[in-house]
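Subject: The structure, and what was found in it

Dear colleague,

Here is the structure for you to look through. Please keep it open while you read, so that you can find each residue as it is named.

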Amino acid sequence: MATTIASSDLTTRVTESITLNGTVFDTVTTYTVTGVTNFVNNVFSVRTGTQRILTFSRTSTPPINSEYDVDDMKYLRITNSDDTTSVTLNVTYLTSGTQDIVIPPQGSFIITEFTFGGGDTLSNIDVVTTADVDLPYAIALKQ
């Protein structure tokens with residue numbers, strides 16, 4: 001008998017806390033992705049230089065290696081676990097070119113929308129780094 005994975009909800013929370021002149025500012029933002037049927041949680045080990053870590057297509061096929069159907073993507077988090085080295089994500093879009101996003105040491109990049117104005121969409125993500133780094137990541141898909 002074939003089995004299927006029942007969908008579930010992914011809930012993320014971003015907590016911000018700071019005290020300025022004795023006044024505490026606390027904010028918790030919760031984001032929920034419903035209907036998740038595939039969750040990938042792993043680490044990209046990236047060597048010094050430039051390395052492609054993710055490719056996006058519209059193939060309607062299950063994820064293969066680091067290629068995902070952009071229409072199935074609902075959540076992506078990439079964290080820079082290094083404590084001294086910043087990394088740059090070269091995020092390439094199908095029609096509008098490339099955007100550089102710097103993730104500082106211990107910082108994260110989170111994206112929850114994969115189709116942009118004018119119907120543009122993600123094509124791939126490369127990492128540029130001056131040292132070997134580990135980048136834990138999480139991907140939630142609706143398939």
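What follows is an account of the sheets, then of a few single residues, and then of the salt bridges.

Please bear in mind from the start that this is a predicted model.

The sheets

One open sheet is formed by 5 strands in the order 5-4-10-7-8, and its pairing is mixed. Strand 5 (67–69) and strand 8 (97–103) each have a single partner strand, and because they stand at the edges, one side of each is left without a neighbour in the sheet. On average, and with direction ignored, neighbouring strands of this sheet are turned by 20 degrees against each other.

At one end of that order you will find strand 7 (residues 87–93) paired with strand 8 in the antiparallel sense, over 7 bridges. These two strands form a hairpin, with 3 residues between them. If you would like to trace the pairing residue by residue, you can begin with Val 87, whose bridge partner in strand 8 is Ile 103, and then go on to Leu 89, which stands opposite Ile 101 in strand 8.

A further open sheet is formed by 4 strands in the order 3-11-6-9, and here the pairing is antiparallel. Its edges are taken by strand 3 (38–46) and strand 9 (108–111), each with a single partner strand, so one side of each has no neighbour in the sheet. Neighbouring strands of this sheet are turned by 10 degrees against each other on average, again with direction ignored. Within the sheet, strand 6 (residues 73–79) and strand 11 (residues 133–141) run antiparallel and are joined by 5 bridges.

A buried arginine

Arg 77 lies in strand 6, and its bridge partner in strand 11 is Ala 138. What is the nearest side chain of opposite charge to this buried residue? It is Asp 134, which is 12 Å away, and Arg 77 has no salt bridge. The side chain of Arg 77 does, however, make a polar contact of 2.9 Å with the side chain of Thr 79. When neighbours within four places in sequence are left aside, the residues in contact with Arg 77 include Asn 41, Ser 108, Phe 109 and Ile 110, together with Pro 136, Tyr 137 and Ala 138.

Two residues with a positive phi

Most residues other than glycine have a negative phi. Asn 21, although it is not a glycine, has a positive phi of about 50 degrees. You will find Asn 21 in the loop between strand 1 (8–20) and strand 2 (23–36), where it is exposed, with a relative accessible area of 85%. Gln 106 also has a positive phi, near 70 degrees, and is a residue other than glycine; Gln 106 is found in the loop between strand 8 and strand 9.

The salt bridges

How many salt bridges does the structure hold? There are 2 of them.

In one, Arg 47 is joined to Asp 132, and the closest N and O atoms are 3.8 Å apart. This pair links distant parts of the chain, with Arg 47 in the loop between strand 3 and strand 4 (49–57) and Asp 132 in the loop between strand 10 (122–129) and strand 11, 85 residues apart. Arg 47 counts as exposed at 61% relative accessibility, whereas Asp 132 is partly exposed, with a relative accessible area of 44%.

In the other, Asp 126 is joined to Arg 52, and the closest N and O atoms are 2.7 Å apart. Here too the pair links distant parts of the chain, since Asp 126 is in strand 10 and Arg 52 is in strand 4, 74 residues apart. Asp 126 is buried, with a relative accessible area of 12%, while Arg 52 counts as partly exposed at 48% relative accessibility.

One more residue in strand 4

Ser 57 also lies in strand 4, and at 15% relative accessibility it counts as buried. Leaving aside neighbours within four places in sequence, Ser 57 is in contact with Glu 67, Tyr 68, Asp 69 and Val 70. The C-alpha atoms of Ser 57 and Asp 71 are separated by 8.2 Å, and these two residues are 14 residues apart along the chain.

With best wishes

Definitions and conventions: Residues numbered from 1 in each chain as written. Predicted model: local features only at pLDDT ≥ 70, side-chain atom pairs only at ≥ 80, totals over all residues. Heavy atoms only, no water. Pairing = 2+ DSSP bridges. Axes fitted to C-alpha atoms, helices over the stretch in contact; angles between N-to-C directions. Buried < 20%, exposed > 50% of the residue type's maximum accessible area, 1.4 Å probe, protein only. Lys, Arg positive; Asp, Glu negative; His and termini not counted. Salt bridge = Lys/Arg side-chain N within 4 Å of Asp/Glu carboxyl O. Polar contact = N/O pair within 3.5 Å; in protein donor to acceptor, adjacent residues only side chain to side chain. Contact = heavy atoms within 4.5 Å.
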